[in-house]
Amino acid sequence: MEIDEIIEKINEMKEETLEKSKLLKEQNEFETVSKMNPIDISIGSVDGGLLKKSYHPFDLVIVSSLGVVYNYNDSTFKVSYYPSKNPKRDIEYYMGKEFKFFSNLTRVRKEIKTSLELVEKFDLDILLLDGSIVPYPSLKPNRTSNLYQVYEEIIDAYERLYRLCQKKKCLLAGIVKDSRSSKYFENFRDTFVLSYVMKDGEKTKSFKYQETNASDVKSKNNIFSFYLKSNKKSRPLRIDFYGKENEMKIAEIIYTLSSFSNVGIPNVILECDKRVKLNKNELTRVERIISARLGINNFFLRRNGKLF
């Protein structure tokens with residue numbers, strides 16, 4: 001397909017999208033969200049970092065996870081990091097055929113562990129995850145896989161997080177920045193349609209969490225989603241959250257906090273993402289240590305460009 005054909009196809013989609021978005025407006029699908037005033041709240045966020053690489057005899061994963069807490073109180077502001085500003089890296093190796101599943105499950109397991117510890121340690125009003133509050137369907141290996149037990153352990157850990165947040169009276173929500181879901185119209189991604197019709201400070205009515213792995217979660221009936229237009233220039237965010245009764249409160253918090261950010265995402269999430277990212281040099285350092293201690297340097301794959 002030529003570039004001109006692609007552009008023509010996108011223009012056709014745009015025209016059709018405008019028509020579809022008008023239908024949502026006519027159906028009163030949107031609600032106005034107010035901003036908090038004053039802002040007196042403690043917000044936590046958790047994110048994980050991942051480096052991975054395949055070698056000839058094994059695969060290697062480096063993971064890290066970080067919690068950040070923003071405390072707003074009247075005119076004061078305080079930030080805390082857990083377990084530290086520069087958290088410990090975990091190094092794992094794998095000798096199997098499902099490296100993609102292994103690496104992602106290792107990262108998520110680390111993130112959910114940190115989330116549980118953060119809620120336990122800090123008196124939070126809300127925990128915001130970077131991504132959904134349910135593991136993504138792409139994480140789920142086949143039931144016959146040796147990694148399926150790890151997936152089940154992660155599902156159980158999420159269930160513990162739901163219970164702990166209820167016990168500690170901590171709201172729980174996840175911000176999906178680039179949702180590819182299609183709840184409203186088949187073959188059209190929601191955020192593509194909604195970006196043409198939603199105004200700053202509007203949200204959709206909530207709906208049940210609908211991803212394909214919802215049945216794996218015992219608490220699925222308490223997990224909902226809505227879309228929020230948090231910034232004039234940005235696409236709507238998908239917000240997954242726990243507890244239908246918390247819907248408007250969560251929307252108000254996220255909309256208020258997003259107003260401080262140029263990209264329409266609460267700064268606590270951006271700070272967490274920035275701090276937890278891993279530098280590729282860390283992987284190079286581990287390679288050198290392994291090579292020196294084993295006295296070998298021929299464990300690199302040929303496609304990685306290191307032939308010995």
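Contact here means heavy atoms within 4.5 Å. The model is predicted. On this criterion, E271 touches V68, Y70 and Y81, leaving aside residues up to four places away in sequence. E271 belongs to helix α6, which spans residues 267-276. Its relative accessibility is 11%. E271 therefore counts as buried, since the limit is under 20%.

The neighbouring position in sequence is a cysteine, C272, with 0% relative accessibility. C272 is also buried. Its sulfur lies 14 Å from the closest cysteine sulfur, that of C170. This is too far for a bond. C165 was examined in the same way. The closest cysteine sulfur to that of C165 is again in C170, at 4.3 Å. A disulfide requires sulfur atoms within 2.5 Å, so this pair is too far apart for a bond. C165 is buried, at 3% relative accessible area. By this rule, the model holds zero disulfides.

C165 also takes part in a helix pair, as one of the α3 residues that meet α2. Helix α2 covers residues 99-121 and helix α3 residues 148-167. Their axes come within 10 Å and cross at roughly 20°. The two helices are therefore roughly parallel to each other. The crossing of α2 past α3 is left-handed. On the α2 side, the contact is made by L105, V108, R109, I112, S115, L116, V119 and E120. On the α3 side, the residues are V150, Y151, E153, I154, A157, Y158, R160, L161, L164 and C165. The residues of this contact comprise 13 nonpolar, one polar and four charged.

Notes: Residues numbered from 1 in each chain as written. Predicted model: local features only at pLDDT ≥ 70, side-chain atom pairs only at ≥ 80, totals over all residues. Heavy atoms only, no water. Buried < 20%, exposed > 50% of the residue type's maximum accessible area, 1.4 Å probe, protein only. Helix = DSSP H or I, 4+ residues; strand = E, 2+ residues; numbered from the N terminus. Axes fitted to C-alpha atoms, helices over the stretch in contact; angles between N-to-C directions. Parallel < 35°, antiparallel > 145°, perpendicular 65-115°, else oblique. Left-handed = near helix turned anticlockwise from the far one by under 90°. Nonpolar A, V, L, I, M, F, W, Y, C, P; charged D, E, K, R; others polar.
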